[in-house]
Amino acid sequence: MEATNYYLEFNEETHEYFIDGELKPSVTQILKLCGLIDDRFYTEYGRWRGSATHKATHYFDEGDYDIRTCDKAVKPFLDGWIKFRKETGFTPTVIEKALWDDRYDYCGRPDRRGYFKDMGGVAEESNDIVDLKCFQSGHAPWWVRFQMAGYGRLLDPKRLFRRWAVVLTGDGNYNLEEY
């Protein structure tokens, strides 16, 4: 049975999702519950920097960002995103939209859905999912492939997506990993 009328609320501060007022698990929470994500070594500063980078790239992609106001800790990560966009021709069509899978009853917010112009992609197909990660090591955690599979189902359960992690390294560069 497909739900058609519901109210989805995302609380950005707590990263919680609600459907008609009922708390729902997120893709990341499910992966943590399954023991796939170990965040014991994540720091509050790292969380802040990641959130601030996501906001900066979001506003940049919407064309509504004054780069002069960028925090100096975030700017090298934003520079990596700008470089990625320029070098690959990636064009987002969906940016951090909260979604719900009514069949499996979970929520999530894929970072970007879009297409690579330089790879012959077109907006109508928009067959790529991109997830941003801020890791100076230059590598995404191994569990990101599962996170993005969950996002793909949220976007369109009948479609196969190319999944990409863009790892922003904090020095104005990025690494691109395909799953």
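**Figure 1. Helix α4 against the sheet in the predicted model.** Helix α4, residues 144-155, lies across β7, β8 (128-134) and β9 (162-168). Its direction is at about 140° to that of β8. The sheet is open and has 5 strands in the order β4-β7-β8-β9-β10, with mixed pairing. Its edge strands, each paired on one side only, are β4 (90-95) and β10 (174-178). From one strand to the next the twist averages 35°.

**Figure 2. Pairing of β4 with β7.** Strand β7 covers residues 112-116 and pairs with β4 in the antiparallel sense, over 5 bridges. F90 stands opposite F116, a residue of β7.

**Figure 3. The hairpin of β9 and β10.** The two strands run antiparallel and are joined by 5 bridges. V167 has N175 of β10 as its bridge partner. Between the strands there are 5 residues, and G170 in this hairpin takes a positive phi near 85°.

**Figure 4. The hairpin of β1 and β2.** Strand β1 (residues 8-11) pairs with strand β2 (residues 16-19) in the antiparallel sense over 4 bridges. F10 has Y17 in β2 as its bridge partner. This hairpin has 4 residues between its strands, and H15 has a positive phi near 55°.

**Figure 5. The largest nonpolar core.** This core holds 17 residues, of which V27, A140, V144, L154 and Y179 touch the most other members. Two or more residues come from each of α1 (27-33), α4 and β9. Helix α4 gives the largest share, 5 residues. Beyond its neighbours within four places in sequence, V27 is in contact with Y106, C107, G108, Q147, G150, Y151 and L154. A second core, separate from this one, has 12 residues, including W81, F90, V130 and W164.

**Figure 6. Helix α2 and its packing.** Helix α2 spans residues 44-61, 18 residues in total. The distance from its first C-alpha to its last is 26 Å, close to the 26 Å expected at 1.5 Å a residue. The buried residues of α2 are R49, G50, A52, T53, H54, A56, T57, H58 and D61. An α-helix has 3.6 residues a turn, so residues three or four places apart point the same way. The elements against which the buried residues of α2 pack are α3 (75-88), β4, β7, β8 and β9. After α2 comes G63, with a positive phi near 75°.

**Figure 7. Cysteines C70 and C107.** A search of the whole structure finds 0 disulfides. C70 has no such bond because the closest cysteine sulfur, in C134, is 11 Å from its own, too far for a bond; the cut-off for a disulfide is 2.5 Å between sulfur atoms. C70 is buried, with a relative accessible area of 12%. C107 is likewise in no disulfide, its nearest cysteine sulfur being that of C34, 16 Å away. C107 is buried too, at a relative accessible area of 0%.

How values were computed. Residues are numbered from 1 along each chain as its sequence is written. This is a predicted model: local features need pLDDT of at least 70, side-chain atom pairs count only at pLDDT 80 or more; totals for chains, interfaces and linings use all residues. Side-chain values use heavy atoms; hydrogens and water are left out. Two strands pair if DSSP finds at least two bridges between them. Axes are lines fitted to C-alpha atoms, for helices over the stretch in contact, and angles run from 0 to 180 degrees between N-to-C directions. Contact means heavy atoms within 4.5 Å. A nonpolar core is a set of buried Ala, Val, Leu, Ile, Met, Phe, Trp, Tyr and Cys residues joined through side-chain atoms within 4.5 Å. Buried means under 20% relative accessible area, exposed over 50%, partly exposed in between (1.4 Å probe, protein chains only). The expected span of a helix is 1.5 Å times one less than its number of residues.
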